[in-house]
Amino acid sequence: RRYHTVVWTGTEMVVWGGYDGGYLNTGGRYNPATDTWTATSTTNAPSARYDHTAVWTGTEMVVWGGGGGYLNTGGRYNPSTDTWTATSTTNAPSARSGHTAVWTGAEMIVWGGDGVINTSYTGGRYNPSTDSWVTISHKNEDYSGPDNHGFGGGCSTPLGGCGGSGAISDYRKNNESPALGMVMLLLPVFWLMCRRIIRALLQT
């Protein structure tokens, strides 16, 4: 498979979702101590998807969003009980894929991505303890291009510009050559076009 997610629990690697010619909602837990795999349950699992995100909370893996049709649904997977619990969609961010997600110690923060509507500088905070979402304000956010979302580790351009503080913002602040600046500004557009072409090919 590809376009799946992986989290480390402290003792096991949990692989989930992705694409292998079709969208997947299956996964597995790998224990390196015993060199063994255990399939994750599909009962109450989120719908099949790819290009989603997953974070580890300390007790659960939280999966959210993704492609296979833009999604704003997700689930919490508990490896101790091999069970899934759906995440609330009330006040959840709009459907998207290719976004970023991080765990703060108490909440999962989702930001950016690609969706039917412009999701580039929108997001939300999800609290698994209360199963609730809070919309993130983008007031004063340093919007650095038309594709201000993360990919492959949370950066919005192949040159490593992350969110509003990456290469494009650095160019604006340092006032480097106009030619280089134009290249930096066009890179996110090029990446967004490539993503949408790849998605269209996968869905054919």
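pLDDT is the predictor's confidence in each residue, on a scale from 0 to 100.

**Figure 1. The whole chain, a predicted model.** Mean pLDDT for the chain is 80. A value of 70 or more is reached by 70% of the residues. The chain holds 12 strands and two helices. Read from the N terminus, the strands come as one unbroken run, β-β-β-β-β-β-β-β-β-β-β-β, and then α-α follows. Of the 204 residues, 46% are buried. The exposed surface of the chain comes to about 9900 Å². Carbon and sulfur atoms supply 57% of that surface. Take the contacts between residues at least 6 apart in sequence: 45% of them join residues at least 24 apart.

**Figure 2. The sheet of β1, β2, β3 and β4.** These four strands make an open sheet in the order β1-β2-β3-β4. The pairing is antiparallel. Strands β1 and β4 (36–39) are the edges; each has a single partner strand, so one side of each lacks a neighbour in the sheet. On average, neighbouring strands here are turned by 20° against each other, direction ignored. Strand β3 covers residues 27–31 and pairs with β4 over four bridges, in the antiparallel sense. Across this pair, Asn31 stands opposite Thr36 in β4.

**Figure 3. Close-up of Thr5 in strand β1.** Is Thr5 buried or exposed? Its relative accessible area is 8%, and buried means under 20%, so Thr5 is buried. The side chains of Thr5 and His52 make a polar contact of 3.0 Å. Leaving aside residues up to four places away in sequence, Thr5 touches Val14, Val15 and Trp16. Thr5 also touches His52, Thr53 and Ala54. His52 thus appears twice in this view, as a residue touched by Thr5 and as its polar partner.

**Figure 4. Close-up of Glu12, in the loop between β1 (5–8) and β2 (13–16).** Why does Glu12 count as buried? Its relative accessibility is 13%, and the cut-off for buried is under 20%, so Glu12 falls in the buried class. Which residues does Glu12 touch, not counting those up to four places away in sequence? They are Val7, Arg29, Tyr30, Asn31 and Pro79. With Arg29 there is also a side-chain polar contact to Glu12, at 3.0 Å. Pro32 is 20 residues from Glu12 in sequence; in space the two are 6.9 Å apart, C-alpha to C-alpha. Asn31, touched here by Glu12, is the residue that stands opposite Thr36 in β4.

**Figure 5. The sheet of β5, β6, β7 and β8.** This open sheet has four strands, ordered β5-β6-β7-β8, with antiparallel pairing. At its edges stand β5 (53–56) and β8 (83–86); each has a single partner strand, so one side of each is left without a neighbour in the sheet. Neighbouring strands of this sheet are turned by 20° against each other on average, direction ignored. Strand β7 spans residues 71–78. Four bridges pair β7 with β8 in the antiparallel sense. Arg76 stands opposite Thr85 in β8.

**Figure 6. Residues 143–176, where pLDDT stays under 50.** For this stretch the model has 71 contacts beyond four places in sequence. Predicted coordinates should not be read in detail where pLDDT is low.

Terms used. Residues are numbered from 1 along each chain as its sequence is written. Side-chain values use heavy atoms; hydrogens and water are left out. Buried means under 20% relative accessible area, exposed over 50%, partly exposed in between (1.4 Å probe, protein chains only). Contact means heavy atoms within 4.5 Å. Accessible areas come from the Shrake-Rupley method with a 1.4 Å probe; for residues, only the protein chains shown count as cover. A polar contact is a pair of N or O atoms within 3.5 Å; within protein, one must be able to donate a hydrogen and the other to accept it, and residues adjacent in sequence count only if both atoms are side-chain atoms. Two strands pair if DSSP finds at least two bridges between them. Axes are lines fitted to C-alpha atoms, for helices over the stretch in contact, and angles run from 0 to 180 degrees between N-to-C directions.
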